[in-house]
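Here is a friendly walk through a two-chain model, taken from its helices to its sheets and contacts. Please keep the structure open beside the text as you read.

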Amino acid sequence: MTDLAPDTILSVRDLRTWFKTKRVTAKAVDGVTFDLKRGQTLAVVGESGSGKSVTSLSIMGLLARPGAIESGEALFRDSKGAAHDLARMGPRGFRKLRGKEIAMIFQEPMTSLNPLYTVGDQIGEMIALHNDVSRDEARKSALDMLRHVEIPDAANRLDDYPHQMSGGMRQRVMIAMALSCNPSLLIADEPTTALDVTIQAQILDLLRRLQEQFGMSILFITHNLGVVAEIAHEVVVMYAGRVVEHAPVVPLFAKQKHPYTEGLLACTPNAERDLDPAGERKALYSIPGTVPPITNLPPGCAFEPRCRYSISACTKVPPQLEPAGPERLSRCLRSAEI
Amino acid sequence: MLRAALNRLIGMLTVMAIVVTIVFIIVRVTPGDPAAVMLGPDANAADIQALRQRLGLDGSIIQQFISYIGGILRGDLGQSIFLGQPVTTALWMRAEPTFFLTIFSLSIATIIALPIGVASAYWRGSVFDQVMTAVAMFAASVPSFWLGLIFIQTFAVGLGWFPTSGYGGPYSSLGDRLYHLILPATTLGIVSSALIMRFTRASMLDVLNDDYVRTARSKGMSEWRVVVRHALKNALIPILTVVGLTAALLISGAIVTETVFALPGVGNLIVSAVLRRDYPVIQGALLIVAGLYVLVNFLIDMLYLLVDPRVRY
């Protein structure tokens, strides 16, 4: 574990998370590798079922049965510089890291807060769990956090219950709670997906500013490439449990080295591109076919059946993740030609 | 909060008014002339007429209703025909064993059912869960009078740990009286724990998959705290309803248990009043039992308000 580079906060190496039942084994995450650097944001992008959420839950130790980490490492460096392998961490170890070192925000702000406690209680609980503070001090820190996430009239909202707040406000509360113990890593699992577009932009903007202020690294899970462009430094694209492309954000948007990434980008609605000056709408592009069931992947490249660059070699051997230019990787036989 | 409580109170009073009216009607539509039935086939017309007068059955239905309501408002439920005392006195004297029996059995049922239900849900599918499912099925299917007899045979007659029946002598201490309640309360408690147990399990299973439980785990707290503070409190909301219903069932279930254990409670009074056609007592007891039902439901509503902030507004 000494080989964790000093500027790296999280290093996921060949992580495999499988869901085994008596009949089938679903390899939801099958050999995922990436590094997240201190103070940076790494976006993990993919469709539903690509394994991006399972990756984040594996790192957090929150997998639901029958999901379990089969092999691989998830090395994490805490704020004191000590390294931990999250893939082999027991419940006790996780209890100390969760909340304090690694915090998480979730997709559904409407249901992620406990309806029976005030938001002040819920933020204060997090603070009291990891710091030796009195009730009053916890409450004061909770109020501070509400101000940090720019909730108007924070002092009066402290005693509100979640049902008295809008979705955007609740997500701000979740962020306030997640950052209340100043974690070094924030895992954000589709935090803007359930929100209106205008609220999405506000939340992303807030996360960016808080990242500058608190200096945490963010692992950002999303299916929305527009969001990626807003917030990420580096991007990992996942398909059927594997990384298919890995690149810094600017080069990735300039040129995709994997047909799936290219397809994903073409699927993103774009007002300028999709509506020509005459007011005619062009058909929105969609990748043909659907994600293959994870328990029954084709023998070759998992994306081959939907790929427009497919050649016969693609159907035979699964391609490896290989360098495809400076600082970038692609899992495609024809990445050089694309 | 206060307004919601007031609303529930008004609701409760409305239900009570309906109950009072229905009880009045039920007694009036009972076939035959109560006075004639009470005095038996050998009574002469003058005696029957005299009794009708004493019972207030000779006026018009409206007059009867008015005097009946007036009586209730004054706390007067009439005079028992066989006990030689006012119905309120008879009921009041019998209230204590029934009250304690209900409270005890409900506590026993909840104390057994909640932890087992929570553990069953937490370790769903485990051997523990499967064994407890079987136990709950058994407890739910056992008739309380049978279990009561088995308990008397085993713990009172066989082992001699508890009295076989009764409620102690007229001057026995409170401790002695409560001691007499251990077997009957355990019987009722076990039988009624099954429903609460199954319901707790189902409710916890729902809640354990909720997003806020995952959030609680992500905050780095112990599993105990996640389950009790975050999951169980939410699961309690539907469980409260079942506990309330069980309390109501216990009041009527006490009729059987009090007979088996020869407890001088309201249930026992009702049974003997029905056998002797003591109409004023039946009418009064019906009112009290119905009133207790309504009161229990009101208390459950108040607990809702305490637990769930979403219904306070």
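Axes here are lines fitted to C-alpha atoms, for helices over the stretch in contact, and angles run from 0 to 180 degrees between N-to-C directions. Helices (H or I, at least four residues) and strands (E, at least two) are DSSP runs, numbered from the N terminus. The model is predicted: local features need pLDDT of at least 70, side-chain atom pairs count only at pLDDT 80 or more, and totals for chains, interfaces and linings use all residues. Residues are numbered from 1 along each chain as its sequence is written, with chains lettered from A and ligands numbered from 1 in the order in which they are written.

**A helix pair in chain B**

Let us begin with α10(B) and α12(B), the latter spanning residues 279–307: their axes come within 9 Å and cross at roughly 170°. That makes α10(B) roughly antiparallel to α12(B), a label used for angles over 145 degrees, while those under 35 count as roughly parallel, 65 to 115 as roughly perpendicular and the rest as oblique. Two residues are in contact if their C-beta atoms, placed from the backbone, lie within 7 Å. On the α10(B) side the contact includes Leu236(B), Gly244(B) and Ile251(B), and on the α12(B) side Val289(B), Tyr293(B) and Ile300(B) are among the residues taking part. By class, this contact has 14 nonpolar, four polar and one charged residues. For these classes, Ala, Val, Leu, Ile, Met, Phe, Trp, Tyr, Cys and Pro count as nonpolar, Asp, Glu, Lys and Arg as charged, and the others, Gly among them, as polar.

The UniProt record (unreviewed entry) places the feature "transmembrane region" at several spans of chain B, including 235–261 and 281–307. UniProt positions are given in the numbering used here, feature names are shortened, and annotations may be inferred rather than shown by experiment. The table sets these two spans beside the span that the unreviewed UniProt entry annotates as "domain: ABC transporter" in chain A, residues 10–265.

| Span | Helix | Strand | Distance between end C-alpha atoms |
|---|---|---|---|
| Residues 235–261 of chain B | 96% | 0% | 35 Å |
| Residues 281–307 of chain B | 100% | 0% | 39 Å |
| Residues 10–265 of chain A | 39% | 28% | 27 Å |

**Where the chains meet**

How many residues does each chain bring to the contact? Chain A gives 23 residues and chain B gives 19 residues. On the chain B side, α9 (211–218) and α10 (223–260) of chain B each supply at least two residues. The largest share of that side, seven residues, comes from α9(B). The chain B side divides into five nonpolar, six polar and eight charged residues.

**Two sheets in chain A**

Two strands pair if DSSP finds at least two bridges between them. One open sheet of chain A has four strands in the order β2-β1-β4-β5, with antiparallel pairing. Its edges are β2 (25–37) and β5 (83–85) of chain A, each with a single partner strand, so one side of each is left without a neighbour in the sheet. Neighbouring strands of this sheet are turned by 5° against each other on average, direction ignored. Strand β1(A), residues 8–20, pairs with β2(A) in the antiparallel sense over nine bridges, and Leu10(A) stands opposite Leu36(A) in β2(A). Helix α1(A), residues 52–60, packs on the sheet, where it touches β1, β2 and β4 (67–77) of chain A, and its direction makes about 70° with that of β2(A).

An open sheet of eight strands in chain A runs β6-β7-β8-β3-β9-β10-β12-β11, with mixed pairing. Here β6 (102–105) and β11 (322–323) of chain A stand at the edges with a single partner strand each, so one side of each lacks a neighbour in the sheet. Within the sheet, β7(A) (185–189) and β8(A) (217–222) pair in the parallel sense over five bridges. Asp189(A) has Ile221(A) in β8(A) as its bridge partner.

**Domains of chain A**

Chain A is divided into domain 1 (8–239) and domain 2 (256–338), with bounds from an automatic or database domain assignment. The C-alpha centres of domain 1 and domain 2 of chain A lie 29 Å apart. Ten residues of domain 1 of chain A are in contact with eleven residues of domain 2 of chain A. On the domain 1 side, β2(A) gives the largest share, three residues.

**Two backbone details**

Most residues other than glycine have a negative phi, and most peptide bonds are trans. The peptide bond from Arg65(A) to Pro66(A) is cis, with omega near 5°, and Pro66(A) is found in the loop between α1 and β4 of chain A. Asn182(A) has a positive phi of about 55° although it is not a glycine; Asn182(A) lies in the loop between α7 (167–179) and β7 of chain A.
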